[in-house]
Each structure stands twice: as structure tokens, then as C-alpha cells.
Amino acid sequence: MIQTIGRAARNASGRAILYADKVTGSMQRAMDETARRREKQIAYNKEHGITPKTINKKVADILEGAYGAAAINARKAGKLDKVAEEAAEYETMAPDLVAKKIAQLEKRMYQHAQDLEFEEAAAVRDEIERIREYSLGLKSVVN
């Protein structure tokens, strides 16, 4: 709860609205901690002459963070045009080959995760989902 309220507080017009029949202990502690942090931040800003202001970013800047540098570079290099070709390839692949491909990718994904290479693991996970969707017509219910 404290983290969620804190994220809202980072935006100039951000607010956290807590709905409940009564204020619980955890709600009160979260509100008290938020107030304490706010007072501390205001004092720090005043002491150092800081005027908080909201950062304005272009949509492209925001998307770059969401997709990661690898996807942005691939898009710039035109590598994402291969998605349609991959879709056709997976649709015509025999079911046993699809299963084998997925097993190989899952092994690679787990290895990336074990090596703390989470972006690579996520990319492999996404590829597995694409294969399942294209070859088997399955969409994952877990995102």
C-alpha cells in the first residue's frame, strides 16, 4: 500500500484514494508513513531550493522503456518485419516439431532466468507465446 501511494505521489497531480468502511491499522500506517515522507521531502526541497515539476516525455520515449532497447533496435533494423513470416512458418509446422521447439525455448528461457537475464527470458517467453498462438491457435490466459 505504501509503495502504491508513493508511486501516485511522484506525479504532480497524483492522488491515492483509499476506499473502506473504516480505516484499518495498515491503512493508517500507510497514511502516516506517506505524510512523514512528504514532510521530509518538502523540507529537503526547501533546504536545497528545489521546485518539483513533472517530467514531460514523448510517447516514443515511454514506449522505448516499455519495449526495451533490444526491441527498439530490432524495429529500427527492420527485423520485426519477420513476424508475419514466422507466423506462416509456425502455422504449417507439424505438432511434434512445435512441441520440440517450445521445449527447447522453455529450456533457454529458464536458463536465462537462472542467469538473472530477465529481459532475455521475457523475450523467449514471448516467442513461446507467439508459437503457441500461431501453430496451435492458443492464447495464454496468464499475462
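**Notebook: loops, core and surface patch**

Entry 1. I began with serine 13, which lies in the loop between helix H1 (2–9) and H2. The model is a predicted one, and I read each entry below on that basis. I looked up the accessibility of serine 13 and found a relative value of 61%. Serine 13 therefore counts as exposed, since the cut-off for that class is over 50%. I then looked up its separation from threonine 54. The two residues are 41 apart in sequence, while their C-alpha atoms lie 8.9 Å apart in space.

Entry 2. I turned next to helix H2, which covers residues 25–48 and contains methionine 31. The relative accessible area of methionine 31 is 33%, so I recorded this residue as partly exposed. Which residues make up the nonpolar surface patch of about 320 Å²? I listed Met1, Leu18, Val23 and Met31 as its members. Met31 can belong to this patch because its relative accessible area of 33% passes the threshold of over 30% that patch residues must meet.

Entry 3. I then examined the interior. The largest nonpolar core has eight residues, and I noted them as Val98, Ile102, Leu105, Met109, Ala121, Val124, Ile128 and Ile131. Two elements give two or more residues each to this core, namely helix H5 (95–114) and helix H6 (118–136). I chose isoleucine 102 for a closer reading of contacts. With neighbours within four places in sequence set aside, isoleucine 102 touches Ile128, Ile131 and Arg132.

Entry 4. I stayed with helix H5 to inspect histidine 112, which is placed in that helix. Is histidine 112 buried or exposed? I recorded it as buried, because its relative accessible area is 17% and the limit for burial is under 20%. Its side chain makes a polar contact with the side chain of glutamate 117, at 2.7 Å. Beyond neighbours within four places in sequence, histidine 112 is in contact with Glu117, Glu120, Ala121 and Val124. I noted that Ala121 and Val124 are also listed in the largest nonpolar core.

Entry 5. I closed with leucine 116, which sits in the loop between H5 and H6. Its phi is positive, about 60°, although the residue is not a glycine. I noted this value because most residues other than glycine have a negative phi. Leucine 116 has a relative accessible area of 61%, so I entered this residue as exposed.

Methods: Residues are numbered from 1 along each chain as its sequence is written. This is a predicted model: local features need pLDDT of at least 70, side-chain atom pairs count only at pLDDT 80 or more; totals for chains, interfaces and linings use all residues. Side-chain values use heavy atoms; hydrogens and water are left out. Patches are made of residues with over 30% relative accessible area and no salt bridge: like charges are joined within 9 Å, nonpolar side chains (Val, Leu, Ile, Met, Phe, Trp, Tyr) within 5 Å. Accessible areas come from the Shrake-Rupley method with a 1.4 Å probe; for residues, only the protein chains shown count as cover. A salt bridge is a side-chain nitrogen of Lys or Arg within 4 Å of a carboxyl oxygen of Asp or Glu. Helices (H or I, at least four residues) and strands (E, at least two) are DSSP runs, numbered from the N terminus. Buried means under 20% relative accessible area, exposed over 50%, partly exposed in between (1.4 Å probe, protein chains only). A nonpolar core is a set of buried Ala, Val, Leu, Ile, Met, Phe, Trp, Tyr and Cys residues joined through side-chain atoms within 4.5 Å. Contact means heavy atoms within 4.5 Å. A polar contact is a pair of N or O atoms within 3.5 Å; within protein, one must be able to donate a hydrogen and the other to accept it, and residues adjacent in sequence count only if both atoms are side-chain atoms.
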